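Subject: A structure to look through

Hello,

I promised to pass this structure on to you, along with some notes on what turned up in it. Please open it first, then read on with the model beside you.

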Amino acid sequence: AAVVEHTFKVGGTKITQLCMNSVIYTANQQLPGPTIEVTEGDTLVVHAVNDSPYPLSLHWHGVYQLRSGWNDGANKITQCPIQPSGNFTYRFNITGQEGTLWWHAHSSLLRATIYGALIIKPRNGPSGYPFPEPYEEIPILLGEWWNRNVDDVENDGYLTGLGPQISDALTINGMPGDQNRCKGSAMYEVEVEYGKTCLLRIINAAVNVELFFKVAGHTFTVVAADASYTKPYATDVIVIAPGQTVDALMNTTASPGRYYMAAHVFDSKTVAVPFDQSTATGIVKYKGVPNYAPAAMPSLPPHDDVVTAGRFYWSLTGLARPSDPGVPTTVDHNMVVTFGLDQAPCAPNQTKCSGFALVAAMNRNSFQFPDQKVSLLEALYKGVPGVYSEDFPDFPSPMQGFRKATAVKKVKYNDVVEVVLQSEQYSSTLGTENHPIHLHGFDFYLLAQGLGRFNPSMKSKYNLVDPQVRNTVAVPAGGWAVIRFMANNPGMWFMHCHLDAHLPLGLAMVFEVLNGPAPNLLPPPPVDHPKCHG
Ligand code: C2O
């Protein structure tokens with residue numbers, strides 16, 4: 001196994017996008033940021049240098065971080081942020097997983113522009129794929145763009161109490177394409193050869209929206225999601241929530257020409273909350289076809305097409321590999337976790353707030369990041385009292401309103417946890433929305449999902465044979481999903497809504513996983529681990 005080393009300099013970058021000049025913050029002046037490619041079993045070393053004016057942490061989304069939780073990059077959960085002019089070297093092994101993951105800033109809205117692909121190749125090279133070796137591999141990072149400085153967008157969202165304004169465009173590999181008001185917008189284009197199989201590594205790095213994705217004239221075979229292989233699944237549309245990845249094979253057997261790829265929002269909100277109506281486009285061009293040849297546009301499902309989204313999300317099944325231990329059959333912790341948004345009184349410092357501010361919670365606990373000078377992981381490791389409480393409730397409480405708390409759920413090493421995730425209507429005026437729930441530190445088996453309210457009779461629907469394995473599940477608006485995982489990794493592991501707008505509102509909780517018997521211990525923090533300030 002090799003050591004793969006990168007230096008990411010995070011700093012200001014001038015860019016012209018949507019006919020406007022802006023300064024954004026990027027890694028190494030790139031949007032999307034650099035692609036990291038490793039082979040399963042490698043050690044990844046990333047020297048993060050913070051030349052931006054903002055506190056920064058970098059998260060390796062979906063990487064297990066087995067006994068390397070100090071490197072998870074969740075701001076205030078596993079580390080304090082890297083201060084401006086500071087640096088920190090992330091160093092960890094990537095073992096026991098392969099496929100498409102990604103990395104992103106995990107401090108404030110910076111992740112809108114600081115993100116990239118993290119591709120883990122099989123140990124035996126392409127012959128290790130459980131599908132025919134593709135001729136070409138194409139990363140497709142779907143993103144979201146604001147004309148304004150995203151830190152201002154986030155601050156404003158706090159001051160108004162309503163969360164960030166909607167974005168100004170969706171992007172494919174950092175570019176909005178040609179279907180928007182700015183005719184000169186940059187558009188991603190990839191050249192393919194006729195009669196081959198391409199592997200699209202699709203990543204939803206958008207900040208606040210689930211997406212439909214299509215390529216005109218072509219269909220897909222899904223072979224993996226969230227870096228876990230799936231049984232081949234044929235579809236003409238990909239549905240993908242923030243945080244998720246989908247690996248899809250695409251045969252280039254259409255008549256040689258130019259074809260649009262396109263993405264737009266899937267949003268089944270039961271109340272009319274505005275969202276980005278734009279369509280991001282890119283081009284698939286066959287070799288030898290002139291650049292001016294007209295391109296066909298795919299017809300995307302309507303924005304609120306819950307049926308198409310559900311069909312995609314619920315049809316995937318896992319492709320167990322010989323090393324896969326299978327779904328654990330006994331459960332040590334049964335939990336039901338509801339979540340949603342509600343209205344709270346404006347805080348005195350929310351100076352642009354009128355009427356009410358939004359607040360979000362899981363089981364009526366609105367997650368508060370610790371304001372002490374330690375991260376949760378440091379507090380656990382060093383036994384610092386008073387930083388968090390261990391009373392995150394296993395079941396929803398009948399109480400009204402919210403408790404603001406840094407509450408964690410404590411589990412023992414190797415305990416099996418099952419969580420019914422239920423999207424709830426907390427407020428009679430706000431309705432429900434989709435919430436992609438992401439778990440750090442573990443993959444989980446996705447046993448079942450549905451619309452409406454979960455009840456115990458739905459246990460008969462659990463797929464214990466070949467469930468998909470994911471790190472992020474798109475819980476439908478007002479619907480539910482059941483996940484099960486084994487807590488085989490000591491540390492503090494964040495579970496939260498991957499709609500960035502909901503994170504500062506409190507739609508999060510933390511699993512505290514205790515050390516196992518030696519050698520299953522969390523080692524001491526790296527010597528250069530960032531210290532907290534302020
Ligand atoms: Cu992709 Cu906690 O994040």
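Let's begin with asparagine 363, which counts as buried because it has 22 C-beta neighbours inside 10 Å, where 20 or more is the cut-off for that word. This asparagine sits in the loop between strand 22 (357-362) and strand 23 (365-367). Although asparagine 363 is not a glycine, its phi is positive, at about 45°. Please keep in mind throughout that the model is predicted.

Glutamine 65 makes a good companion to it. Its phi is near 55°, again a positive value in a residue other than glycine. You will find glutamine 65 in the loop between strand 5 (58-61) and strand 6 (87-93). Is glutamine 65 buried or exposed? With 24 C-beta neighbours inside 10 Å, glutamine 65 counts as buried.

Next, the cis peptide bonds. One of them joins leucine 31 and proline 32, with omega at about -15°. Proline 32 belongs to the loop between strand 2 (20-27) and strand 3 (36-39). Another cis peptide bond links alanine 518 to proline 519, and there omega is about 10°. Proline 519 lies in the segment after strand 33 (508-513).

Now to the sheets. An open sheet of four strands runs in the order 2-1-4-6, and its pairing is mixed. Strand 2 and strand 6 stand at the edges with a single partner strand each, so one side of each has no neighbour in the sheet. On average, neighbouring strands of this sheet are turned by 20° against each other, ignoring direction. Inside this order, strand 1 (residues 3-17) and strand 4 (residues 43-50) pair in the parallel sense over eight bridges. To find your way along that pairing, start at threonine 7, whose bridge partner in strand 4 is histidine 47.

An open sheet of four strands with the order 3-8-7-5 also has mixed pairing. Here the edge strands are strand 3 and strand 5, each of which pairs on one side only. The average turn between neighbouring strands of this sheet is 20°, direction ignored. How many bridges hold the pairing of strand 3 and strand 8? Strand 3 and strand 8 (residues 115-121) pair in the parallel sense over four bridges. Glutamate 37 stands opposite isoleucine 119 in strand 8.

Further along the chain, have a look at strand 21 (residues 333-344). Strand 21 pairs with strand 26 (residues 416-423) in the parallel sense, over seven bridges. Valine 336 has valine 420 of strand 26 as its bridge partner. Strand 21 also pairs with strand 22, this time in the antiparallel sense and over six bridges. There, alanine 344 has alanine 357 of strand 22 as its bridge partner.

Helix 1 (residues 150-160) is worth a moment too. Its residues Val150, Val153, Glu154 and Gly157 are buried. Viewed down the axis of helix 1, the buried residues fall within an arc of 95°, so they line one face of the helix. The general rule behind such a pattern is that an α-helix has 3.6 residues a turn, so residues three or four places apart point the same way. Just after helix 1 comes glycine 161, with a positive phi of about 80°.

One more residue to click on is arginine 201, which lies in strand 12 (residues 197-204). Arginine 201 counts as buried because 23 other C-beta atoms lie within 10 Å. Which residues are in contact with arginine 201, leaving aside its neighbours within four places in sequence? They are Thr100, Ala117, Ile119, Glu137, Ile138, Pro139, Ile140, Thr245 and Asp247. Among these contacts is Ile119, the isoleucine that stands opposite glutamate 37. Arginine 311 is 110 residues from arginine 201 along the chain, and their C-alpha atoms are separated by 20 Å.

Lastly, a word on the record. An unreviewed UniProt entry lists residues 13-124, 136-288 and 397-515 under "domain: Plastocyanin-like". In the model, residues 13-124 are 0% helix and 45% strand, and their end C-alpha atoms lie 38 Å apart. Residues 397-515 are 0% helix and 45% strand, with 29 Å between the end C-alpha atoms.

Enjoy exploring, and do write back with any questions.

Best wishes

Methods: Residues numbered from 1 in each chain as written. Predicted model: local features only at pLDDT ≥ 70, side-chain atom pairs only at ≥ 80, totals over all residues. Helix = DSSP H or I, 4+ residues; strand = E, 2+ residues; numbered from the N terminus. Buried ≥ 20, exposed ≤ 12 C-beta atoms within 10 Å, placed from the backbone. Pairing = 2+ DSSP bridges. Axes fitted to C-alpha atoms, helices over the stretch in contact; angles between N-to-C directions. UniProt positions renumbered as here; feature names shortened; annotations may be inferred. Arc of directions from axis to C-beta. Contact = placed C-beta atoms within 7 Å.
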